[in-house]
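Student: I am new to this structure, and I would like to go through it slowly with you. Could we have it in front of us before we begin?

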Amino acid sequence: GHLESLKSQIIVNQYFHSSKHFLHLRRSTIERLERAGHIQSIGSGVTIFKQGDIEDGIYFIVRGSIKTEVSKDHFSILNQGDIFGEISVLARIPRT
(Lines give C-alpha, C1' and ligand atoms only; values in the text may rest on other atoms or scores of the structure.)
Protein backbone atom coordinates (compact mmCIF):
# COMPACT_ATOMS: atom_id res chain seq x y z
CA GLY A 1 0.00 0.00 0.00
CA HIS A 2 0.92 3.57 0.68
CA LEU A 3 3.65 2.69 3.22
CA GLU A 4 5.40 0.35 0.75
CA SER A 5 5.21 3.01 -1.97
CA LEU A 6 6.76 5.59 0.36
CA LYS A 7 9.49 3.13 1.36
CA SER A 8 10.28 2.46 -2.31
CA GLN A 9 10.46 6.19 -3.07
CA ILE A 10 12.93 6.72 -0.22
CA ILE A 11 15.12 3.80 -1.31
CA VAL A 12 15.18 4.94 -4.95
CA ASN A 13 15.87 8.55 -3.94
CA GLN A 14 18.81 7.41 -1.79
CA TYR A 15 20.12 5.36 -4.71
CA PHE A 16 20.16 8.27 -7.14
CA HIS A 17 21.83 10.55 -4.60
CA SER A 18 24.56 8.04 -3.73
CA SER A 19 25.34 6.51 -7.14
CA LYS A 20 28.45 7.79 -8.91
CA HIS A 21 26.60 7.47 -12.23
CA PHE A 22 24.09 10.19 -11.35
CA LEU A 23 26.18 12.78 -9.50
CA HIS A 24 25.97 15.41 -12.25
CA LEU A 25 22.44 14.88 -13.53
CA ARG A 26 19.79 17.53 -13.15
CA ARG A 27 17.12 16.87 -10.57
CA SER A 28 14.46 16.87 -13.32
CA THR A 29 16.27 14.05 -15.16
CA ILE A 30 16.51 11.97 -11.97
CA GLU A 31 12.79 12.55 -11.33
CA ARG A 32 11.96 11.23 -14.82
CA LEU A 33 14.05 8.11 -14.18
CA GLU A 34 12.32 7.58 -10.84
CA ARG A 35 8.88 7.77 -12.45
CA ALA A 36 9.83 5.43 -15.31
CA GLY A 37 11.13 2.59 -13.16
CA HIS A 38 9.96 0.24 -10.49
CA ILE A 39 11.62 -1.71 -7.70
CA GLN A 40 11.93 -5.44 -8.17
CA SER A 41 13.39 -7.77 -5.54
CA ILE A 42 15.32 -10.65 -7.05
CA GLY A 43 16.49 -13.60 -4.98
CA SER A 44 19.85 -15.31 -4.99
CA GLY A 45 20.59 -17.59 -7.94
CA VAL A 46 17.90 -16.11 -10.20
CA THR A 47 18.84 -15.42 -13.83
CA ILE A 48 17.70 -11.93 -14.78
CA PHE A 49 18.44 -12.29 -18.48
CA LYS A 50 20.68 -14.30 -20.78
CA GLN A 51 23.15 -13.26 -23.43
CA GLY A 52 21.30 -12.70 -26.72
CA ASP A 53 17.93 -11.92 -25.09
CA ILE A 54 15.96 -9.01 -26.51
CA GLU A 55 14.70 -6.78 -23.70
CA ASP A 56 14.15 -3.10 -23.06
CA GLY A 57 15.10 -2.75 -19.40
CA ILE A 58 18.04 -1.10 -17.71
CA TYR A 59 18.77 -2.33 -14.20
CA PHE A 60 19.99 -0.19 -11.31
CA ILE A 61 21.34 -2.10 -8.32
CA VAL A 62 19.67 -0.33 -5.41
CA ARG A 63 20.66 -2.89 -2.75
CA GLY A 64 22.93 -5.92 -2.83
CA SER A 65 25.08 -7.23 -5.66
CA ILE A 66 24.87 -9.42 -8.75
CA LYS A 67 27.18 -11.70 -10.65
CA THR A 68 27.33 -11.29 -14.43
CA GLU A 69 28.56 -14.46 -16.04
CA VAL A 70 29.46 -15.13 -19.67
CA SER A 71 31.12 -18.43 -18.74
CA LYS A 72 32.39 -20.09 -15.56
CA ASP A 73 35.74 -18.37 -16.09
CA HIS A 74 34.45 -15.01 -17.33
CA PHE A 75 32.34 -13.15 -14.79
CA SER A 76 32.21 -9.95 -12.77
CA ILE A 77 30.47 -8.76 -9.64
CA LEU A 78 28.38 -5.58 -9.74
CA ASN A 79 27.43 -3.87 -6.49
CA GLN A 80 24.99 -1.36 -5.07
CA GLY A 81 25.05 1.81 -7.21
CA ASP A 82 26.04 -0.02 -10.40
CA ILE A 83 23.98 -0.32 -13.59
CA PHE A 84 23.62 -3.19 -16.05
CA GLY A 85 21.63 -3.94 -19.18
CA GLU A 86 22.13 -0.47 -20.57
CA ILE A 87 24.30 -1.42 -23.54
CA SER A 88 21.63 -3.41 -25.33
CA VAL A 89 18.97 -0.77 -24.64
CA LEU A 90 21.06 2.19 -25.77
CA ALA A 91 22.57 0.40 -28.79
CA ARG A 92 19.33 -1.51 -29.57
CA ILE A 93 21.14 -4.83 -29.79
CA PRO A 94 20.60 -8.23 -28.10
CA ARG A 95 21.96 -8.61 -24.56
CA THR A 96 25.76 -8.88 -24.53
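Student: Which residues are exposed on the other side of α1, away from its buried ones?

Tutor: This is a predicted model, in which local features need pLDDT of at least 70 and side-chain atom pairs count only at pLDDT 80 or more, while totals for chains, interfaces and linings use all residues. Residues are numbered from 1 along each chain as its sequence is written, and side-chain values use heavy atoms, with hydrogens and water left out. Helices (H or I, at least four residues) and strands (E, at least two) are DSSP runs numbered from the N terminus, and exposed means over 50% relative accessible area, buried under 20%, and partly exposed in between, with a 1.4 Å probe and protein chains only. On the other side of α1, the exposed residues are His2, Leu3, Gln9, His17 and Ser18.

Student: Which residues of α1 are buried, and why do they lie on the same side of the helix?

Tutor: The buried residues of α1 are Ile11, Val12, Tyr15 and Phe16. They lie on the same side of α1 because they cover an arc, taken from the directions from the helix axis to the C-beta atoms, of only 130° around the axis.

Student: What covers the buried residues of α1?

Tutor: Contact here means heavy atoms within 4.5 Å. By that rule, what covers the buried residues of α1 includes α2 (27-36), β1 (59-60) and β4 (83-84).

Student: Which element gives the most to the largest nonpolar core?

Tutor: A nonpolar core is a set of buried Ala, Val, Leu, Ile, Met, Phe, Trp, Tyr and Cys residues joined through side-chain atoms within 4.5 Å. The largest one has seven residues, namely Ile11, Val12, Tyr15, Phe16, Phe22, Ile30 and Val62. With four residues, the element that gives the most to this core is α1.

Student: Which residues form an aromatic cluster with Tyr15?

Tutor: Rings of Phe, Tyr and Trp (its six-membered ring) pair if their centres lie within 6.5 Å, where planes under 30 degrees apart count as stacked, over 60 as edge-to-face and the rest as tilted. A search of the whole structure finds nine aromatic pairs. In one aromatic cluster, Tyr15 is joined by Phe16, Phe22 and Phe60.

Student: Over the ring of which residue does the charged end of Arg95 sit?

Tutor: A charge sits over a ring if NZ of Lys or CZ of Arg is within 6 Å of the ring centre and within 35 degrees of the ring normal. The charged end of Arg95 is 4.1 Å from the centre of the ring it sits over, which belongs to Phe49.
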